[in-house]
Amino acid sequence: MAENPTTGTTASTTNKVVREPTGIPGLDEALKGGFPDKNIILITGTPGAGKTTFAMQSLVFGAKSGEKSIYFTLEESVEDVIDQFSMFDGTSISKLVQDGMLKIVSIPLVDYDSLKDTLTNEIESMGAKRVVIDSITYLQLFFSDVMSIRRAIIEVAAMIKSKGCLGMFVGEMSYGDPKLSSFGVEEFAADGVIALYLLEKNAAFIRAMRIIKMRKTDHITKYIPIEITDKGIVTHPNEELFAEI
Ligand SMILES: Nc1ncnc2c1ncn2[C@@H]1O[C@H](COP(=O)(O)OP(=O)(O)OP(=O)(O)O)[C@@H](O)[C@H]1O
Ligand SMILES: [Mg+2]
């Protein structure tokens, strides 16, 4: 189990639900202790809202805490992912990759069966405990109807859970559209949903996060102000987003 450096505790068992620290400063508090163990979390949001940063930050946290972590990208090369995150936390991503604690895999978009086989084989061979798929929206390339996409998401989620992993699926939202995901099914297939937003305020964008759902736990439901800094995402669960309005 990953240790939370802030509290010095390992995954807690409050209310008999085993928790995994998220790795996002302030978020464990908003979730009353972290992600429930072996949950599948949808990290959704508008373009540039910080979805990839959130997912990678949580993986890096897991990897540094001794949990092997694997990031599957369906849209970028391995080099681009490493480049994007080299500014966060110095050289730690390359070092974690070298040490075998973090693996970044770019999956070619061939067909669903080979995608599923690659996911399964890579997770098994690494012995991963945290898994990110960025982004799940690419499943639409392999199916012509939404129910087949839903079935595929459920199948991949079940495989990840069967390996005892915490899974994070990156999803997508459009500006101004209240829908939480591209297909409208991802949020039902996941145990938890975290939505990241860029909201317009005083002619600028401000960043926010909302925990839309999280099975097996109580959590904050309001918009939580967040920042992206050169250390990654920081949340401010005790602050109000629109306090001065
Ligand atoms: N060092 C930094 N300091 C502050 N903000 C940063 C920094 N690096 C990136 N950002 C912000 O983070 C955003 C990108 O975050 P990220 O790639 O995680 O978003 P995303 O939701 O995955 O985007 P996409 O929709 O393109 O996949 C940038 O648009 C920028 O606003
Ligand atoms: Mg991204």
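**Figure 1. S135 lies in the loop that links β8 to α6.** Welcome to the first close-up, where the peptide bond running from D134 to S135 is cis, with omega near 0 degrees. Helices and strands here are DSSP runs (H or I over at least four residues for helices, E over at least two for strands), numbered from the N terminus. This is a predicted model, in which local features need pLDDT of at least 70 and side-chain atom pairs count only at pLDDT 80 or more, while totals for chains, interfaces and linings use all residues. Residues are numbered from 1 along each chain as its sequence is written, and chains are lettered from A and ligands numbered from 1 in the order in which they are written.

**Figure 2. Twelve residues to find: the surroundings of ligand 1.** The shell takes in G45, P47, G48, A49, G50, K51, T52 and T53, together with M87, I228, T229 and D230. A residue belongs here if its C-beta atom, placed from the backbone, lies within 6 Å of the ligand. Helix α2 (51–64) and strand β12 (224–229) each contribute at least two residues to this shell, and α2 gives the most, with three. Sorted by class, the shell has four nonpolar, six polar and two charged residues. In this sorting, Ala, Val, Leu, Ile, Met, Phe, Trp, Tyr, Cys and Pro are nonpolar, Asp, Glu, Lys and Arg are charged, and the others, Gly among them, are polar.

**Figure 3. Strand β5 (residues 40–45) is largely enclosed by the rest of the structure, because six of its six residues are buried.** Buried means that 20 or more other C-beta atoms lie within 10 Å of a residue's own; exposed means 12 or fewer, and partly exposed is in between, with C-beta atoms placed from the backbone. I40, L42 and T44 point to one side of β5, while I41, I43 and G45 point the other way, and all are buried. Strand β9 (residues 166–170) pairs with β5 in the parallel sense over four bridges, and strand β10 (residues 192–201) runs parallel to β5, joined by five bridges. For strands to pair, DSSP must find at least two bridges between them. Look for I43, which stands opposite V170 in β9 and opposite I194 in β10.

**Figure 4. Helix α5 (residues 112–126) has the length its residue count suggests.** Its 15 residues, at 1.5 Å each, should span 21 Å, and its end C-alpha atoms are indeed 21 Å apart. The expected span is 1.5 Å times one less than the number of residues. The buried residues of α5 are L115, L119 and I123. Seen down the helix axis, these buried residues fall within an arc of 55 degrees, so they line one face of α5. That arc is taken over the directions from the helix axis to the C-beta atoms. The buried residues of α5 pack against β6 (69–73), β8 (130–134) and α6 (146–162), where contact means C-beta atoms, placed from the backbone, within 7 Å. On the face turned away from the buried side, you will find the exposed residues D113, D117, N121, E124 and S125. Just after the helix comes G127, with a positive phi of about 75 degrees.

**Figure 5. Helix α6 also has a buried side, made up of I149, A152, I153, V156, A157 and I160.** Viewed down the axis of α6, its buried residues fall within an arc of 135 degrees, so they line one face of the helix. The cover over these buried residues includes β5, α5, β8, β9 and α7 (186–189). M147, A158 and S162 are exposed on the other side of α6. With 17 residues, α6 reaches 24 Å from its first C-alpha to its last, close to the 24 Å expected. G164 follows α6 and has a positive phi near 75 degrees.

**Figure 6. K38 has a positive phi although it is not a glycine.** The phi of K38 is about 55 degrees, and the residue is found in the loop between β4 (35–36) and β5. K38 counts as partly exposed because it has 17 C-beta neighbours inside 10 Å.

**Figure 7. N202, too, has a positive phi without being a glycine.** Its phi is about 50 degrees, and N202 lies in the loop between β10 and β11 (204–214). N202 counts as exposed because it has 7 C-beta neighbours inside 10 Å.

**Figure 8. P178 is found in the loop between β9 and α7.** With 6 other C-beta atoms within 10 Å, P178 is exposed. From P178 to F54 the separation is 124 residues in sequence and 21 Å in space, C-alpha to C-alpha.

Note on methods. Contact = placed C-beta atoms within 7 Å.
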